[in-house]
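Welcome! Here is a short, friendly briefing for anyone meeting this structure for the first time. Please keep the sequence and the 3D view open as you read.

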Amino acid sequence: MAKAPLLYYSTNLKSPVVSFKEALLKGLAPDGGLYMPERIPTLSTNELNDMARLEYAEVAFTIMRKFLTGEIDDTELSLMAKDAYNFEIPIEPVYDRKFILRLDQGPTASFKDFAARMMGRLMQYFLHKENRNMLILTATSGDTGSAIANAFYGLENIKVVVLFPEKEVTERQRKQMTTLGRNIQIIGIEGKFDDCQAMVKKAFSDPDLTMLNLSSANSINIGRLIPQSFYYVYTYLKLRQQENDKIIFSVPSGNFGNLMGGLLAFHMGIPVEKFVVSTNENDEVPVYLQTGLYHTIVPSKDCISSAMNVGHPSNLARIIALYGGVMNEKGIIVKEPDIRKLRNDLAGVSISDEFTKATIKSAYQQHGILLEPHGAVAWAGLHEYFKISPKSAHASQLSVSLETAHPAKFPAEILETLGIDPPLPESMKGLDEKNESWISMKNDYTAFKEYLSNSYNHKY
Ligand SMILES: *Cc1c(COP(=O)(O)O)cnc(C)c1O
């Protein structure tokens with residue numbers, strides 16, 4: 001019996017539902033909302049038992065195909081998953097049943113590799129099939145640009161242009177983008193991140209550039225969200241001792257895409273005791289969970305866990321939607337979600353920079369584990385939650401704290417707190433010696449537009 005296709009709706013509820021392919025290639029819905037699946041596919045007890053024996057890429061395939069309902073041939077999808085997930089996913093035991101999940105072994109040593117690599121391959125598949133091309137345009141303050149550039153490197157039918165503020169990224173961050181070449185073009189702008197962002201936004205709404213078929217690949221794309229559910233399912237199945245074993249995940253959160261991936265896994269059927277929503281001093285979501293009142297933080301606070309300096313998380317609208325509410329793109333709650341249920345599933349904890357540094361130190365001294373600032377926020381958040389809910393601290397309670405970047409990406413903080421220089425992961429070795437190539441441009445939209453028209457137009 002053929003299954004009814006799973007369709008995707010906009011969180012603003014004012015656009016028609018679309019197929020996965022359309023949601024993936026569009027990114028944002030025409031009404032400014034974010035795409036969400038009309039229903040969350042479920043994983044039965046039998047399916048979970050079978051999946052417990054699978055490799056990561058096979059778990060990825062099994063879940064992804066449920067969200068696609070026939071839009072991609074199984075053999076092709078399975079190959080895509082194998083190609084995307086060709087690196088280790090270490091689960092590090094710390095004490096009792098408390099673990100660190102290290103999502104830092106991908107090509108750019110950040111958890112963003114998990115989403116970007118699968119999304120790139122999904123996009124290539126659909127574009128290739130229709131003999132279409134796409135130009136991905138993205139602005140970066142460091143990490144997203146390198147994850148996107150590496151994920152799309154060498155793919156057919158897709159070219160990538162990344163804009164970065166020339167003076168505001170670290171040398172290693174820059175080299176992770178500028179040493180690639182081929183279908184990846186990097187442009188350094190004499191300006192700030194906001195200037196890069198503004199130029200990208202302007203290009204998207206510029207009618208003269210529509211023939212370039214621009215797309216953004218940013219974190220609001222549903223194609224980046226679903227792959228972030230795979231590692232929750234995989235980790236749970238690797239660590240559970242019996243079928244109804246419940247798990248706590250502590251998730252270091254900024255734009256809440258990672259947490260949203262966890263919630264998808266939970267609503268698919270993984271028994272989660274609690275998601276600890278660990279933020280830095282940008283605490284708008286922990287405050288919302290406590291008070292029921294949502295206020296964005298403008299401008300966002302500058303914390304050492306820099307990838308989480310977000311004052312209005314773009315994925316919050318999806319979380320609200322999952323719990324029956326509606327939040328518009330301005331962050332206004334148009335319809336209240338079931339806050340009782342939200343509070344039952346999520347616990348918000350905000351961690352100061354001082355506490356983050358103290359945690360890097362104590363985790364190393366007490367347990368010999370090396371954390372960078374984002375992972376330290378999660379580890380601190382987990383233990384703050386244990387104080388609020390002492391029964392959760394029990395030795396038998398399975399708990400996993402997510403580490404989202406490799407400590408070698410933040411050598412300054414680690415050196416300052418621990419006095420050690422973290423060794424480079426395999427993926428970053430040799431980077432310092434590679435040759436770079438990028439274009440330098442003034443903060444001038446006209447010049448940028450001219451460059452795009454001249455360099456990419458004839459190729460389409
Ligand atoms: C992007 C990022 C985060 C935040 O993830 P969200 O999905 O935006 O909540 C946390 N840690 C690191 C290292 C990141 O790059």
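What follows is a tour by topic, from the ligand outwards to the loops and helices.

This is a predicted model. A ligand is surrounded by 14 residues, and the protein covers 96% of the 390 Å² of accessible area that this ligand has on its own. The structure also holds 21 aromatic pairs.

**Around the ligand**

- Among the 14 residues that surround the ligand, the closest are Lys112, Gly254, Asn255, Phe256 and Thr404.
- Sorted by class, this shell has 6 nonpolar, 7 polar and 1 charged residues.
- Lysine 112 takes part through its side chain, where an N or O atom is 2.5 Å from an oxygen atom of the ligand.
- Asparagine 255 takes part through its backbone, with a polar atom 2.7 Å from an oxygen atom of the ligand.
- Phenylalanine 256 also uses its backbone: an N or O atom there lies 2.8 Å from an oxygen atom of the ligand.
- With these contacts in view, recall that 96% of the ligand's own 390 Å² of accessible area is covered by the protein.

**A closer look at phenylalanine 256**

- Phenylalanine 256 is found in the loop between strand E9 (247–252) and helix H11 (257–268).
- Is phenylalanine 256 buried or exposed? Its relative accessible area is 3%, so phenylalanine 256 counts as buried, the limit being under 20%.
- The backbone of phenylalanine 256 has a positive phi of about 65°, although this residue is not a glycine.

**Aromatic rings**

- The structure has 21 aromatic pairs, and one of them brings together tyrosine 125 and phenylalanine 126.
- The ring centres of tyrosine 125 and phenylalanine 126 are 5.2 Å apart and their planes meet at 80°, so this pair is edge-to-face; planes over 60 degrees apart count that way.
- Both partners are buried: tyrosine 125 has 11% relative accessibility, and phenylalanine 126 has 4%.
- One aromatic cluster is formed by Tyr56, Tyr85, Phe87, Phe114, Phe230, Tyr231, Tyr232, Tyr234, Phe249, Phe266 and Phe275.
- A ring can also meet a charge: the charged end of arginine 182 sits over the ring of tyrosine 153, 5.2 Å from the ring centre.

**Backbone features worth finding**

- Most residues other than glycine have a negative phi, and most peptide bonds are trans.
- Threonine 69 has a positive phi of about 30° although it is not a glycine. You will find threonine 69 in the loop between helix H3 (56–68) and helix H4 (74–84).
- Which form does the peptide bond from valine 298 to proline 299 take? This bond is cis, with omega near -10°.
- Proline 299 is in the loop between helix H12 (284–291) and helix H13 (316–322).

**Loops late in the sequence**

- Glutamine 397 belongs to the loop between helix H16 (373–388) and strand E14 (398–403). With a relative accessible area of 13%, glutamine 397 is buried.
- A polar atom in the side chain of glutamine 397 lies 3.1 Å from the backbone oxygen of lysine 246.
- Lysine 409 sits in the loop between E14 and H17, and at 14% relative accessibility lysine 409 counts as buried.
- The side chains of lysine 409 and aspartate 143 are joined by a polar contact of 3.2 Å.
- Aspartate 421 lies in the loop between helix H17 (411–418) and strand E15 (439–442). Aspartate 421 has a relative accessible area of 56%, so this residue is exposed.
- Aspartate 421 and phenylalanine 410 are 11 residues apart in sequence, and their C-alpha atoms are 9.5 Å apart in space.

**Sequence distance and distance in space**

- Leucine 24 is part of helix H1 (residues 20–26) and, at 0% relative accessibility, counts as buried.
- How far apart in space are leucine 24 and serine 215? They are 9.9 Å apart, C-alpha to C-alpha, with their positions 191 residues apart in sequence.
- Isoleucine 220 has its place in the loop between strand E8 (214–215) and helix H9 (222–225), and a relative accessible area of 10% makes isoleucine 220 buried.
- Isoleucine 220 and leucine 137 are 83 residues apart in sequence and 14 Å apart in space, C-alpha to C-alpha.

Note on methods. Residues numbered from 1 in each chain as written. Predicted model: local features only at pLDDT ≥ 70, side-chain atom pairs only at ≥ 80, totals over all residues. Heavy atoms only, no water. Phe/Tyr/Trp six-rings, centres within 6.5 Å; stacked < 30°, edge-to-face > 60°. Buried < 20%, exposed > 50% of the residue type's maximum accessible area, 1.4 Å probe, protein only. Lys NZ or Arg CZ within 6 Å of the ring centre and 35° of its normal. Near = heavy atom within 4 Å. Polar contact = N/O pair within 3.5 Å; in protein donor to acceptor, adjacent residues only side chain to side chain. Areas by Shrake-Rupley, 256 points an atom, 1.4 Å probe, with all protein chains shown as cover. Nonpolar A, V, L, I, M, F, W, Y, C, P; charged D, E, K, R; others polar. Helix = DSSP H or I, 4+ residues; strand = E, 2+ residues; numbered from the N terminus.
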